Amino acid sequence: MHSLIVVSHPNRASLTHAIGTEVAEAIRAAHSGNSAEIADLSAEGFDPRFSLSDVETINRIAKPPASILAEQARIDRADTLVLVYPVYWWSMPALLKGWIDRVFSAGWAYDESPDGKLEKKLQRLGVHLIAIGAADAGTYAKHGYSGAMKTQIDHGIFDYCGARILSSHLLTVPDATEAPTALRAARQIGERIGNPALCDAA
């Protein structure tokens with residue numbers, strides 16, 4: 001099994017990157033045939049800006065640029081897609097959202113027939129979401145933020161394309177003392193991703 005782990009954080013010393021690394025190592029350790037690739041969007045310099053060329057791609061005036069085709073090919077090579085990101089304003093960072101906006105384009109992630117029927121084109125893809133929040137779990141529950149994030153991201157993005165959400169995690173780290181707990185949770189998540197039987201039983 002090959003997993004593509006997409007990490008969105010500008011600081012390579014961040015807990016977000018540490019969690020992404022922990023997940024990758026656990027996936028590889030779960031089975032000798034497993035592989036995991038980490039895509040560091042910030043280090044790779046991905047441009048998240050939705051430009052005129054992206055509009056032209058949606059309207060079928062132009063083909064996606066080579067950089068977007070390369071990202072789509074990288075996802076196509078993966079059995080599972082894992083997104084690891086900090087929560088910014090109760091959602092994902094703009095860099096990751098821009099990656100989705102540009103890469104999950106019409107014609108590749110979804111399509112629409114002449115009669116307006118939606119075709120979901122990513123039904124083979126399994127997705128794991130790992131969000132890292134600085135507020136405590138009670139804050140997310142009190143204000144309904146967790147449910148809002150699932151509606152927006154799990155359903156609004158991935159279900160629209162037909163991708164299967166295999167797991168969705170919110171690791172709350174209100175202070176630095178909680179970091180070891182989050183890393184242990186990341187290791188367990190990676191073990192489950194690396195062993196689909198465990199993931200299916202969860």
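**Notebook: a walk through the predicted model**

I started with a side-chain pair: Ser-14 and His-9 are joined by a polar contact of 3.5 Å. By polar contact I mean a pair of N or O atoms within 3.5 Å; within protein, one must be able to donate a hydrogen and the other to accept it, and residues adjacent in sequence count only if both atoms are side-chain atoms.

A note on ground rules before going on. This is a predicted model, where local features need pLDDT of at least 70 and side-chain atom pairs count only at pLDDT 80 or more, while totals for chains, interfaces and linings use all residues. Residues are numbered from 1 along each chain as its sequence is written, and side-chain values use heavy atoms, with hydrogens and water left out.

**Entry 1: Ser-14**

I looked up where Ser-14 sits, and found it in the loop between strand 1 (2–7) and helix 1 (15–30). Helices (H or I, at least four residues) and strands (E, at least two) are DSSP runs, numbered from the N terminus. Is Ser-14 buried or exposed? Ser-14 has a relative accessible area of 9%, so I noted it as buried. The cut-offs are under 20% relative accessible area for buried, over 50% for exposed, and partly exposed in between (1.4 Å probe, protein chains only).

**Entry 2: the whole protein**

Next I stepped back. I counted nine helices and seven strands in the protein. The radius of gyration is 17 Å, close to the 17 Å that the globule rule gives for 202 residues, so the protein is as compact as a globular protein of that length. For the record, this radius is taken over C-alpha atoms, and the globule rule is 2.2 Å times the number of residues to the power 0.38. Along the principal axes, the C-alpha atoms fill a box of roughly 50 × 40 × 30 Å.

I then checked burial over the whole protein: 43% of the 202 residues count as buried. The protein exposes about 10000 Å², and carbon and sulfur atoms supply 55% of that area. These accessible areas come from the Shrake-Rupley method with a 1.4 Å probe; for residues, only the protein chains shown count as cover.

How many of the contacts between residues at least 6 apart in sequence join residues at least 24 apart? I read off 77%. A contact here means heavy atoms within 4.5 Å.

For charge, I noted 19 positive and 23 negative side chains, with the centres of the two sets 2 Å apart. Lys and Arg count as positive and Asp and Glu as negative, while His and the chain ends are not counted. The place of a charge is taken as NZ of Lys, CZ of Arg, CG of Asp or CD of Glu.

**Entry 3: Gly-20 and Asp-40**

Gly-20 is in helix 1, and at 1% relative accessibility it counts as buried. Which residues does Gly-20 contact, leaving aside neighbours within four places in sequence? I found Ile-5, Val-7, Ile-38 and Val-84. Ile-38 is 18 residues away along the chain, and its C-alpha atom is separated from that of Gly-20 by 7.6 Å.

Asp-40 came next, in strand 2 (residues 35–40). Asp-40 is buried, at 6% relative accessibility. Not counting residues up to four places away in sequence, Asp-40 touches Val-7, His-9, Arg-12 and His-17. Val-7 is thus on the list for Asp-40 and on that for Gly-20. I also saw that a polar atom of the Asp-40 side chain lies 3.2 Å from the backbone nitrogen of Ala-43.

**Entry 4: positive phi values**

Two residues made me look again at the backbone. Arg-60 is not a glycine, yet has a positive phi of about 60 degrees. I placed Arg-60 in the loop between helix 3 (52–58) and helix 4 (66–76), and at 48% relative accessibility it is partly exposed.

Trp-89, not a glycine either, has a positive phi of about 50 degrees. The loop that holds Trp-89 runs between strand 3 (80–86) and helix 5 (94–103). Trp-89 is exposed, at a relative accessible area of 82%.

**Entry 5: Ile-100 and Arg-164**

Ile-100 is in helix 5 and is buried, at 5% relative accessible area. Beyond four places in sequence, Ile-100 is in contact with Leu-83, Met-92, Ile-157 and Phe-158.

I closed with Arg-164, in strand 7 (residues 164–172) and partly exposed at 41% relative accessibility. Not counting residues up to four places away, Arg-164 touches Gln-123, Arg-124, Leu-125, Gly-126 and Val-127. The C-alpha atoms of Arg-164 and Leu-125 are separated by 6.2 Å, with their places 39 residues apart along the chain.
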